[in-house]
Amino acid sequence: MKVLKVLLLLFLIIILITTGYVLFNTFTVASKQIVAEPIEKIDISDAAVSNFVKAIQIQTISPENIAEFDSVHFNRFNNFLQKTYPLADSLLDHKLINDFSHLYYWRGTDPTLKPVILMGHLDVVPVIEENRKFWKQPPFEGKIVNDTIWGRGCIDDKIGVIGIMESVEQLLKNGFEPKRDLYVAIGHDEEIGGDKGAKAIASYLLSKGVQAEFVIDEGGVISSGMVPGIEKDVALIGIAEKGSVSVKISIEIEGGHSSMPAKETAIDVLSGVVARLKSEPLPADISEPVDGFLRYLGPEMPFVNRMAFANKDLFKPLIISIYEATPSANALVRTTTAPTIFNSGVKDNIIPLSASAIVNFRILSGSSIGEVLEHVNSVANDPRIKIERVNDSNEPSKVSGTDEKGFTTIQHTIARVFPGTLVSPYLVVGATDSRHFSELSDQIYRFLPTRIDPTNVKSFHGLNERIALSEFENAIQFYTELIKKAVLE
């Protein structure tokens, strides 16, 4: 009986100590948010809005089939930039890279300071012809309806490109002189990999020995009403992006007539492998960018959420299970598995000799292409299966720090331009042009100063892409403030 009482007492003590530890962490966790004096807003002219409309009207489409590339529209955009931003074209060193990408160089007064690089891309994804009837406004007219501008590219990424160019032109007009060198890099083929655009720009800069203080590209946004447990807007600064590899899995097994099927066919074996890859994914984990997300937003959440995030080592299984509940959150905690192509058979009464599938993996920070390939081989576990990489692949990016100049400059600018908006590190699950700049700087950040909410989150790359005109005006305010802060310190 005494032993039982002692054990019960020890159990209660452990419970009390654990509870005290959890509550102490919960109530002492410090906010990572900053407060800064709001900017005095500059007047945004009607001409700037007109320029945004004109940019959307130019159909700079990057087609999947390069044979369908229409250089006429890209030449129009070249002429548009030259005519619309004459000071940037004449006072800055403006180079064309592979005919359609642009690199502007603004020389600073202090050559000992590392430069800053602003990025964007002028190309857009196609509008599927049969889907045009579902657009509420024509996709390439840049119509303004109820203070909202509609059109392909208005979010991805012409708001970034025109926002930057309007800011640069106005600063030049005002006689602004930077201390640091500033580069503006605008790619023309981001939507199909960026090889002739951003990658070529990066190669050129490397050949000149450029090493940047930091780089900022698109990627994260201001999420409005989409972070559970938080009512305020949240500016998500991408400090890393996932890698990507597509794997072709194929097999050949003797076929025959469908009236006499063998116990297993090429389709049977391959479909089994694909099904197992889906049901046995790589393990989930809290990567460094997601850990940053928890550290920055945990203190701003309701008590229960704050308690879990402040004690993530204790509650890690619970946190991961919550993330795994939805596709978008699951993508933040694991390498995802997506079968995208399955090929086999030519006739309904013939058992095919071969079958092949392509599976795309988006690789979590901290993992690698090698780990994915080992996983595929382990799950397949069949000597008849052939596994090979296809298309371009990218390792996960390096993780950029939150204590570095780049992040703190962006955070301070957000605090001034978007008062009351929370800021958090973020893992970008897609690919951006910034991955080509990895040798130019260890500080690469991905943020587009645009509010995205449940009403338009699916519109870029989808139907009815649109953005409030106030967001375009805010983008100019943001880039103007960012440039002034980044290049004067």
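## A tour from the core to the surface

Start by selecting isoleucine 414; setting aside residues within four places in sequence, its contacts are Ala235, Ile237, Pro419, Thr421, Val423, Phe447 and Phe478. Keep in mind throughout that this is a predicted model.

Next, widen the selection to the nonpolar core. The largest one holds 66 residues, and Ile414 is among those with the most contacts inside it, along with Phe52, Ile162, Val168, Ile410, Phe447 and Phe478. Now colour helix α14, residues 469–488: this helix contributes the most to the core, with 10 residues.

Move to phenylalanine 407, which sits in helix α13, residues 405–417. Is Phe407 buried or exposed? Its relative accessibility is 0%, so phenylalanine 407 counts as buried. Show its surroundings: leaving out residues up to four places away in sequence, Phe407 touches Ile237, Ile239, Tyr296, Gly401, Thr402, Val423, Pro425 and Tyr445. Ile237 and Val423 also appear in the contact list of isoleucine 414. For a distance to check in the viewer, draw a line between the C-alpha atoms of phenylalanine 407 and serine 424: they are separated by 10.0 Å, and the two residues are 17 apart along the chain.

Then select serine 250, in strand β9, residues 243–252. Its relative accessible area is 13%; buried means under 20%, so serine 250 is classed as buried. Which residues does serine 250 touch, not counting those up to four places away in sequence? They are Leu270, Ala355, Ser356, Arg384, Ile385 and Lys386.

The next stop is a sheet. Select strands β4, β5 and β17: these 3 strands form an open sheet in that order, with antiparallel pairing. At the edges are β4 (144–145) and β17 (466–468), each of which pairs on one side only. Zoom in on β5, residues 148–150, which is joined to β17 by 3 bridges. To find one bridge pair, pick isoleucine 149 and its partner in β17, isoleucine 467.

Finish at the surface, near the start of the chain numbering. Select Val3, Val6, Leu7, Leu9, Leu10, Ile13 and Ile17, which form a nonpolar surface patch with about 680 Å² of accessible area together. Within this patch, pick leucine 7, which is located in helix α1, residues 2–28. Leucine 7 counts as exposed because its relative accessibility is 51%, and the cut-off for exposed is over 50%. Set beside this, phenylalanine 407 is buried at 0%.

Conventions: This is a predicted model: local features need pLDDT of at least 70, side-chain atom pairs count only at pLDDT 80 or more; totals for chains, interfaces and linings use all residues. Side-chain values use heavy atoms; hydrogens and water are left out. A nonpolar core is a set of buried Ala, Val, Leu, Ile, Met, Phe, Trp, Tyr and Cys residues joined through side-chain atoms within 4.5 Å. Buried means under 20% relative accessible area, exposed over 50%, partly exposed in between (1.4 Å probe, protein chains only). Helices (H or I, at least four residues) and strands (E, at least two) are DSSP runs, numbered from the N terminus. Contact means heavy atoms within 4.5 Å. Patches are made of residues with over 30% relative accessible area and no salt bridge: like charges are joined within 9 Å, nonpolar side chains (Val, Leu, Ile, Met, Phe, Trp, Tyr) within 5 Å. Accessible areas come from the Shrake-Rupley method with a 1.4 Å probe; for residues, only the protein chains shown count as cover. A salt bridge is a side-chain nitrogen of Lys or Arg within 4 Å of a carboxyl oxygen of Asp or Glu. Two strands pair if DSSP finds at least two bridges between them.
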